[in-house]
Amino acid sequence: MSITRRTFSRLGLAAAAGLFAAPALAQDMPAPFDNPGEVKIALVRYLSTGDFFQAYLSGVEAQAKALGVDLRVLDSRQDAALQADMVDQAIALGVDGIIIQHGLTESMKEAAQRAVDAGIKVVAFDVNVENPAIPQIEQSDRDLARLALEQAVADNGEAWKAGYVYVAGIAPLDRRDETWREFKAKYPGINEVAMFGTLDNPIANSVANQARSVVTANPDIQVMFAPYDEFAKGVKIAVDEAGLSDSIKIYSADISTADIAAMREPGSAWVATAATNPAVVGQVSVRALAMLLAGEEPGASVIVPPTLITQADLNGQDIKNMEELSAKLPQFAHADVAMPAWMPNPNE
Amino acid sequence: MADTAIRFGFLALLAGLIAFFSVSAPGFLSPQSAVFIFQSVAITGILALGVTATLVVGGFDLSIGSVATSSMMAAAYAMVVLEQNALVAVLFCLAIGALVGLVNGIIIVYMRVPDLLATLGMMFLLVGLQRIPTEGRSIAAGMTMPDGSTAAGTFSPAFLALGRHRFDFFLPNLLPVSVVVLLVLALLIWFFLEYTRFGRMMYAVGSNERAAELAGAPVKAYKIWAYVISGIFASIGGILLAARLGRGDIASGNNLLLDAVAAALIGFAVLGAAKPNAFGTAIGALFVGVLLQGLTMMNAPYYTQDFVKGAVLVVALVFTFALSNRSRR
């Protein structure tokens, strides 16, 4: 069944590749991309260190290169005031479009409005700047949590004892927490016996220390829901150290090369994760901005759908790193979002 | 009476805590749980023992957290990218720790930069430096390098054993390597500081540098050695961290630094020493570990843990400074 579907989608891909075999030529693209060298866009970042943000940037770069536009990267390194100043700097540079990546609503709202007033097209990723002229790019955290939890219910039935890793006040974790609450309401058999979590770095090490205490105090936990991969790594270390890998299953969100290795260790308790490819989110951010520049409407919110990745998928297809994951799970490598016919696909 | 309170107050508090958690947290009172508390504080404890050496000579080392995370990255880089074996990786890390300590010491002693500023600068430098070889990526087996190729090396099993192997001790598979390393290093540095001429001279330098210099002690050498010890201990902490996590994580290590310093400062209060001492540091680290693990077992939320850590530190410092000064008067 799945083979035929996969074969079918491959055929589809091959056909699509055949149709667009010649890379979209500049003259095929609408203005201003008929002369892309003249188009300048800026990426104004709030967060930049870590694998996720590195991959996001590579996606932005890949799509900008596919379009042939001039990309400037302004990085405020978690300085909210500086990030707002950088928007003004981008306005002064005379850019045509700006991508705001993360940041605080309070500090970015007015800066974003100034950019819109200056006639610049703006999109925002994972920060709400409360401006109807600015489309929101989102990885759907609710869908991420839902996919992982649905898998947990499929694997373990509707009644189990759960440990939950959560730190309040972090926007994506709060959104994932909403889904967890909904699931607990929907399945009264799910019993959350412990909640813990910390963002002390190295996060995995600190969470491992906590999780170790939790599994010692509650050795009957069957499912650990750790909706952030650093949390899941920590829980896995603790579960291994406590020798409980057989009785506990870990469900998480996000993925990286290190996570793939951890999930594929023999007897690993980490059985599934739901993830959005950060590189794809970066590509979608640029594509949504390009649509605005070409006078098209990407929609008020552009949602990049997540993919469920199970230990069985990884082992079955012998996937060892993020590149192989993209290559072997096509739904992870490309999202058909903000993809008008003229848009060049950076993966081809 | 007051004297006894100061000497044994903190140890009594620790005993009281253990009794309290044993009653109220199921599973707290077991050999596995005891070993685990040691394991949870092993890395910060080792860092704390290193920083104790710099405190003894009247200095301070803010760079230990980033030395530890740099050493973790270096171990991962040596094995995953350079495809070296465990021994090379360990020696590489130790060399980095010693080198950083040496540079810290030289900057402080010969360039006369105040210790806090010199090591603060080193901290930032290392946080940046550890990211340069991989362009900001964390290191894991099978990772993609900046040039697009895939790293061929893996974490060697011998290295991972440093984080995962357990020695039999009364019960099978009880003592993790990190706990053994912590105990051995604690004994070593305790003996070194209390009973060797070198260690006593370091205390002399710390209590009155000028007097020590006039007495003919090579003060500069002692101070530099203190930073080298601190650097090496921090790099050992980093090696154990890498072995436990099984990858090289981008991290500033600030939390490691703060926890380690807290342990060393709490150590001032143990046995009414009112000065940096290795035994106190070890007890301080253990104290924080008992508290945090006990609270986690009782399902206390994470923010209470920072609060409790801070409260313990304040109480310990009050013990040290107010009470012991009063008794001296």
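This report walks through some features of a two-chain model, from domains and a sheet down to single residues.

First, some ground rules: this is a predicted model, where local features need pLDDT of at least 70, side-chain atom pairs count only at pLDDT 80 or more, and totals for chains, interfaces and linings use all residues. Residues are numbered from 1 along each chain as its sequence is written, chains are lettered from A and ligands numbered from 1 in the order in which they are written, and side-chain values use heavy atoms, with hydrogens and water left out.

**Chain A: domains and sheet**

Let's start with how chain A is divided. Domain 1 takes in 5-138 + 278-305, while domain 2 covers 141-275; bounds like these come from an automatic or database domain assignment. Between the C-alpha centres of the two domains of chain A there are 32 Å.

Now for the sheet in chain A. Six strands make up an open sheet with parallel pairing, in the order 2-1-3-4-5-11. At the edges sit strand 2 (70-75) and strand 11 (301-304) of chain A, each paired on one side only. From one strand to the next, the twist averages 20 degrees. A few terms help here: helices (H or I, at least four residues) and strands (E, at least two) are DSSP runs, numbered from the N terminus, and two strands pair if DSSP finds at least two bridges between them. Strands of a sheet pair through backbone hydrogen bonds, either parallel or antiparallel.

Zoom in on strand 4 (residues 121-125) and strand 5 (residues 136-139) of chain A: they run parallel and are joined by two bridges. In this part of the sheet, A:Phe125 stands opposite A:Ile137 of strand 5. Helix 3 (residues 80-93) of chain A packs on the sheet and touches strand 1 (40-45), strand 2 and strand 3 (97-101) of chain A. Its direction makes about 170 degrees with that of strand 1 of chain A. For such angles, axes are lines fitted to C-alpha atoms, for helices over the stretch in contact, and the values run from 0 to 180 degrees between N-to-C directions.

Two backbone details in chain A are worth a look. The peptide bond from A:Ala31 to A:Pro32 is cis, with omega near 5 degrees, and A:Pro32 belongs to the loop between helix 1 (2-19) and strand 1 of chain A. In the loop between strand 4 and strand 5 of chain A you'll find A:Asp126, which has a positive phi of about 60 degrees although it is not a glycine.

**Rings and charges**

Over all chains, the whole structure holds 18 aromatic pairs. Rings of Phe, Tyr and Trp (its six-membered ring) pair if their centres lie within 6.5 Å, and planes under 30 degrees apart count as stacked, over 60 as edge-to-face and the rest as tilted. Here are two of the pairs:

| Pair | Centre distance | Plane angle | Type |
|---|---|---|---|
| A:Tyr164 and A:Tyr166 | 5.6 Å | 15 degrees | stacked |
| B:Phe198 and B:Tyr222 | 4.8 Å | 80 degrees | edge-to-face |

The chain B pair links distant parts of the chain: B:Phe198 is in helix 8 (residues 197-207) and B:Tyr222 in helix 10 (residues 219-245) of chain B, 24 residues apart. B:Phe198 is partly exposed, with a relative accessible area of 30%, whereas B:Tyr222 is buried at 8%. Those words have cut-offs: buried means under 20% relative accessible area, exposed over 50%, and partly exposed in between (1.4 Å probe, protein chains only). Over in chain A, both A:Tyr164 and A:Tyr166 are buried, and ring pairs link them with A:Trp180 and A:Phe225 into a cluster.

Charges can sit over rings too (NZ of Lys or CZ of Arg within 6 Å of the ring centre and within 35 degrees of the ring normal). A:Lys186 lies over the face of A:Phe183, 5.7 Å from the ring centre, and B:Lys275 does likewise over B:Tyr203, at 4.6 Å.

**Buried residues and their contacts**

Which residues does A:Asn209 touch, leaving aside its neighbours within four places in sequence? They are B:Phe36, B:Ser40, B:Arg244 and B:Gln293, where contact means heavy atoms within 4.5 Å. A:Asn209 sits in helix 7 (residues 203-217) of chain A and, at 10% relative accessibility, counts as buried.

B:Thr144 is in the loop between helix 5 (115-129) and helix 6 (157-164) of chain B and is buried, with a relative accessible area of 15%. Without neighbours within four places in sequence, its contacts are A:Glu323, B:Arg137 and B:Ser149.
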